Amino acid sequence: MKLIIFDFDGTLADTEPLITQTMMKTLRTVGLPVCTREQCRAMIGLPLKETFMQLLPIDSATGDLCAKTYEQIFAVDNRPSAVGMFPHVSETLQALHQRGYLLSIATSRGRTSLEAFLRDMQLMSYISHIVTVNDVERAKPYPDMVDTTLSHFRISPEDTLMVGDAIYDIQMGHNAGVRTCGVTYGNGTREQMEACAADHIIDDIADILNLV
C-alpha cells in the first residue's frame, strides 16, 4: 500500500451536526418541507444540489436554490468550534505520514471550506493532494475523484486504499478498482458497510495502522 485516500465529512471530521442543522435550516428558509435529521444524515456524501433533489421531489432550479442557500447559512454557522475531529485522527494521520504513506482527500465538499477545516485542525501538513466535487465532472459514487488522484500520483489501484463512512465512498472505491475501508463511527453503519462489500471495516481510525 502506498496511497490512502480519505473522505472528509464523517471520516476525519465530525461535521454531521453542522451539516444536518444547515440542511434543515435551508429547507425551512426556502419554504420546503423540513426533513428529519436522520433523513438529512443519509444524504451526507453527495454534492449539495443532488442532496436536496434526493431528499425531496424538486426540480433542478430549486435544487440550485437550495445549494446556494445552504452555502450562505453554512458560512454564518460554521464557527471554529462548530466542528471537531473524530478521536485519534490527528495521531493516525501523523503516524501514516511518518511511515511514508501518501495521504489525500476525496470529498463532496468545496475546496474553500475543506482547506479552512484542514488548517484549523492542523492536518494540512499530512495531506499531499485534495480532490473536491468541483474538480471532477462526476461526483461520488463515480470513480472520477479516485482516478484523478491515481493519475496525479502515478500510482496503481492495487497500491491504494479508499477510506470513508458512506456507501458512496465505498462504491467509488470499487468503481475505481481500489481497496476500500468503511468506518462505523461516522454517518454510516457497519450494516451499510457490509452491504456495500467494503474490504475492511473499522470502528476507530487508528485501526488503519494495523491494516497497512
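Is Asp 203 buried, exposed or partly exposed? Keep that in mind as you open the model, which is a predicted one, and begin the tour with the charged side chains.

**Stop 1: Lys 140 and its partners**

Select Lys 140 together with Asp 7, and you will find a salt bridge whose closest N and O atoms are 2.9 Å apart. This pair links distant parts of the chain, since Asp 7 sits in the loop between strand 1 (3–6) and strand 2 (13–14), while Lys 140 belongs to the loop between strand 5 (129–131) and helix 7 (144–153), 133 residues apart. With a relative accessibility of 4%, Asp 7 counts as buried, and Lys 140, at 1%, counts as buried too.

Now add Asp 169 to the selection, where a salt bridge to Lys 140 appears with its closest N and O atoms 2.7 Å apart. Here Asp 169 lies in helix 8 (residues 167–176), and the two partners are 29 residues apart. The relative accessibility of Asp 169 is 1%, which is under the 20% cut-off, so this residue counts as buried.

**Stop 2: Asp 203 and Arg 190**

Move next to Asp 203, which forms a salt bridge with Arg 190, the closest N and O atoms being 2.9 Å apart. Because Asp 203 lies in the segment after strand 8 (200–202) and Arg 190 in helix 9 (residues 190–195), the pair ties together parts that are 13 residues apart in sequence. The opening question can now be answered: Asp 203 is partly exposed, with a relative accessible area of 46%, and Arg 190, at 31%, is also partly exposed.

Before leaving the charges, return to Asp 7, Lys 140 and Asp 169, which are joined into one network by salt bridges that share partners. In total, the structure holds 12 salt bridges.

**Stop 3: the aromatic rings**

A search of the whole structure finds five aromatic pairs. Select Phe 52 and Tyr 70, one of these pairs, and look at their edge-to-face arrangement, with 6.3 Å from centre to centre and 65° between the planes. Phe 52 is in helix 3 (residues 48–55) and Tyr 70 in helix 4 (residues 60–77), 18 residues apart. Phe 52 is buried, at a relative accessible area of 1%, and so is Tyr 70, at 6%.

Then select Phe 74 and Phe 117, whose ring centres are 6.4 Å apart and whose planes meet at 85°, so this pair is edge-to-face. Phe 74 lies in helix 4 and Phe 117 in helix 6 (residues 111–120), so the pair ties together parts 43 residues apart in sequence. Both of these residues, Phe 74 and Phe 117, are buried.

Finally, display Phe 8, Phe 52, Tyr 70, Phe 74 and Phe 117 together, because ring pairs link them into a cluster.

Note on methods: Residues are numbered from 1 along each chain as its sequence is written. This is a predicted model: local features need pLDDT of at least 70, side-chain atom pairs count only at pLDDT 80 or more; totals for chains, interfaces and linings use all residues. Side-chain values use heavy atoms; hydrogens and water are left out. A salt bridge is a side-chain nitrogen of Lys or Arg within 4 Å of a carboxyl oxygen of Asp or Glu. Helices (H or I, at least four residues) and strands (E, at least two) are DSSP runs, numbered from the N terminus. Buried means under 20% relative accessible area, exposed over 50%, partly exposed in between (1.4 Å probe, protein chains only). Rings of Phe, Tyr and Trp (its six-membered ring) pair if their centres lie within 6.5 Å; planes under 30 degrees apart count as stacked, over 60 as edge-to-face and the rest as tilted.
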